[in-house]
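Student: I'd like a close look at one part of this protein: its nonpolar core. Please go slowly, and tell me about the side-chain pairs too.

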Amino acid sequence: MARVARSRTANRSISRSRLLDGAPRRPVSAALGLVSVAVLGAWLGLLLLGTVHVPVGPMDTSMALRPSLAGGTRITVPPLGDLELRSHSAPVRLDVDVDRLDPVRSQALVDHPERFAGLQAEVVRDVTHGALGVVLASGVAVVSGATALGLVVHRRPRRALAAGGLALALLAACAATAYATWNPRSVLEPKFSGLLSSAPSVVGNARAIVSEFDVYQKELARLVTNVTKLYDATSTLPAYRPDPTTIRVLHVSDIHLNPGSWRIIASLVKQYRINVIVDTGDTMDHGSAAENHFLDPVATLGAPYVWVRGNHDSRTTQSYLAGRRHVTVLDDGKVTEVAGVRIAGVGDPQFTPDRSVVPAGDPAERTAGGRLADALRTERLAGTPVDIALAHNPAAATEADGLVPLALAGHLHHRENTTLPRGTRLMVEGSTGGGGLRAVQNARPAPVQASVLYLDRHTKRLQAWDEITLGGLGLSRAEVSRHLPRENRPGATPAPSGPPHPSGRSPRGPSGRPSSR
C-alpha cells in the first residue's frame with residue numbers, strides 16, 4: 001500500500017511538472033491565434049462592410065477605413081487622380097472616393113455663384129457627418145468580421161466573441177492614435193498624383209487659396225463646371241448598331257494620363273461593338289514607373305488592345321503594358337493578328353521627357369519608319385501582307401506608304417486624313433485624352449477625339465469611318481460624323497481588293513498630289 005501511495009504521488013508530481021512546463025507555451029499560442037483571427041477578421045470586415053456613401057457638397061462620395069502602415073488620408077477624384085494628406089499617424093487610412101459629381105447640385109452652384117460662400121461650411125458638415133458614419137460602420141464591420149471568422153476557425157462562441165471584442169479594442173486604439181496625432185495643417189502640404197500632380201497650376205496652392213479665396217472660388221466653379229460637363233458628354237454618346245459583317249477598329253491616341261479616357265473608350269467599345277482597340281501612343285505624360293498603374297484599366301475595356309510607344313512613353317511603360325492581359329505591344333515592325341486583322345507597328349524612337357538626351361527629330365522618326373517598312377516588305381514577300389501599320393509620329397508612318405492599305409498615327413493632337421503618293425491612306429487621330437490636364441486648365445479645352453474604322457471582313461479594306469468628338473471638358477456636345485473613302489462613295493469606281501501594286505506605287509491623279517480623303 002505504501003508503495004502504491006508513493007507511485008501515485010510521483011505520478012501527480014510528474015503531471016504537475018508537465019502542466020507547468022506546458023503552461024507558458026499553450027496560452028501564448030492561443031493568444032497569438034486569437035489576435036491573428038481578430039486582425040484578419042477586422043480587415044475582411046472593413047473591406048466588405050466598412051464603406052459608407054456620403055454626399056459632400058456637389059459630390060457623391062464613398063468613405064472607408066483601410067489598414068495602412070503609414071496612415072493618412074487619400075482622396076480619389078476621377079478623372080483627375082489622387083490627393084494624399086498626412087493627416088494622422090496610425091495603422092488605418094481614411095479613403096475618400098469621389099464617385100460622381102451630382103449634375104443637379106453642381107449646376108446649382110454654377111447658376112448661383114453666391115452659394116459658394118456657404119460651400120465651405122456645408123462641406124465641413126458633410127465630412128463630419130460622413131466621418132461619424134465611417135466610425136460607426138467600421139465598428140460594426142470589424143466586430144462582425146472578427147466574430148464570423150472566429151466562429152469558422154474556433155467553432156466556439158466564447159472565442160468568437162473574444163475575437164470580436166479584441167477587434168473592436170484594436171480599432172479603438174487606432175482611433176485614439178489617429179486623434180492624438182491629428183495634423184490639421186496637412187492640407188497645406190498635400191501630395192498629388194495623376195492629373196492632380198499639376199493641380200496647383202490650375203487653382204493655386206493651398207496658401208494661395210487662403211490668401212486669394214475669391215479667385216479660388218471662381219476657379220473652383222470653372223473646374224466643377226468643366227468636369228460636370230465631361231460626364232454629361234460621355235453619357236450622351238449615341239447608341240449605334242454597326243453592320244455585323246464589318247470588323248470594327250477603335251483608333252485612340254495621346255491619352256496623356258487622363259483617367260477619364262478609359263470610361264470613354266469602354267463606352268465606345270460597348271456601344272459600337274468594337275473588335276479591337278488600336279492606341280498609337282503617348283498614353284503617359286512622363287513615362288515614369290509611378291504612372292504605370294494608370295494603365296491597369298486596359299485589361300478591362302472589353303476588347304483586345306494593340307499599342308505602340310509614343311514619345312511620352314518610356315521603355316518602362318512598354319514593359320509594364322506588355323504584361324497586361326488582352327494587350328499586344330508592337331515595336332520594331334512586329335506583326336500580330338487580332339480579330340482577323342494583321343497589324344504591324346513600331347514604337348517612337350524618342351523619349352522627350354528625358355532632358356538629358358537631345359531630340360533627334362524627324363530623321364530618327366524616318367529611320368524607325370524604315371524598320372517598319374522593312375518588316376512590311378518581308379511579310380508581303382512571305383505571302384502574309386499586313387493590313388494596318390502603326391506608328392506614333394506621322395513622319396514614321398509615312399514610310400509605310402505603298403506597303404499597306406492603311407496607316408494610323410497620332411502625336412499632332414488633331415485629326416488629319418490623307419492619301420499618300422503611293423496609295424496608302426494615313427489617318428492621324430486627335431487626342432483621346434483631350435490633351436491631358438489642359439482639358440481642365442485651358443479656357444477653351446481641347447476636344448476628346450477617337451475614331452471607329454469599319455473594315456471589310458474579307459479584304460480588310462477600309463469601308464467607312466466614324467469620327468467621334470466630345471467637346472472637351474468645357475462643352476457638353478457629342479458629335480459623330482460618318483465618312484466614306486472616295487472609292488466607296490456613290491457613283492465611284494470600286495477600289496481593287498488586292499494589296500497595293502507590287503512596285504509599291506499606286507496610280508495618281510493628274511496633279512500627282514495626295515488626296516485629303
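Tutor: Let's start from the outside: the chain exposes about 26,100 Å², and carbon and sulfur atoms supply 59% of that area. Keep in mind that this is a predicted model. Of its 517 residues, 46% count as buried, and the chain is built with 13 helices and 19 strands. If you take the contacts with a separation of 6 or more, 64% of them are between residues 24 or more positions apart.

Now for the inside. In soluble globular proteins, nonpolar side chains tend to be buried together. Here the largest nonpolar core has 31 residues, and the ones with the most contacts inside it are L250, W262, I265, I274, I277 and Y305. Who supplies this core? Two or more residues each come from strand 7 (246–252), helix 9 (260–272), strand 9 (305–307), helix 10 (315–322), strand 10 (327–329), strand 17 (448–456) and strand 18 (462–470). Helix 9 gives the largest share, six residues.

L250 is a handy place to zoom in. Leaving out residues up to four places away in sequence, L250 touches I265, L268, V269, I274, V276, I277 and V278, and also A450, S451 and V452. Don't mistake this for the whole buried story, though: a second, separate core of 20 residues includes V37, L46, A141 and L171.

Next, have a look at W262. The structure holds two aromatic pairs, and one of them is W262 with F294, a tilted pair at 5.3 Å centre to centre with 40° between the planes. This pair links distant parts of the chain: W262 sits in helix 9, while F294 is 32 residues away in the loop between strand 8 (276–279) and strand 9. Both W262 and F294 are buried. Add Y305 and you have one aromatic cluster made of W262, F294 and Y305. Rings can meet charges as well: the charged end of R324 sits over the ring of Y320, 4.3 Å from its centre.

On to the charged pairs; there are eleven salt bridges in the whole structure. Try D331, whose side chain meets that of R309 at 2.9 Å, N to O. D331 is in the loop between strand 10 and strand 11 (334–338) and R309 is in the loop between strand 9 and helix 10, so this bridge ties together parts 22 residues apart in sequence. D331 is buried, at 12% relative accessible area, and R309 counts as buried too, at 4%. D331 also has a salt bridge with R315, at 3.3 Å, N to O. R315 belongs to helix 10, so here the tie to the D331 loop spans 16 residues of sequence. R315, with 53% relative accessibility, counts as exposed.

Strand 18, one of the core's contributors, has a charged residue to show you as well. D466 meets R482 in a salt bridge of 2.5 Å, N to O. D466 lies in strand 18 and R482 in strand 19 (residues 478–483), so the bridge ties together parts that are 16 residues apart in sequence. D466 is buried at 2% relative accessibility, whereas R482, at 42%, is partly exposed. Elsewhere, R74, R93 and D95 are joined into one network by salt bridges that share partners.

Note on methods: Residues numbered from 1 in each chain as written. Predicted model: local features only at pLDDT ≥ 70, side-chain atom pairs only at ≥ 80, totals over all residues. Heavy atoms only, no water. Core = buried A, V, L, I, M, F, W, Y, C linked by side-chain atoms within 4.5 Å. Buried < 20%, exposed > 50% of the residue type's maximum accessible area, 1.4 Å probe, protein only. Helix = DSSP H or I, 4+ residues; strand = E, 2+ residues; numbered from the N terminus. Contact = heavy atoms within 4.5 Å. Phe/Tyr/Trp six-rings, centres within 6.5 Å; stacked < 30°, edge-to-face > 60°. Lys NZ or Arg CZ within 6 Å of the ring centre and 35° of its normal. Areas by Shrake-Rupley, 256 points an atom, 1.4 Å probe, with all protein chains shown as cover. Salt bridge = Lys/Arg side-chain N within 4 Å of Asp/Glu carboxyl O.
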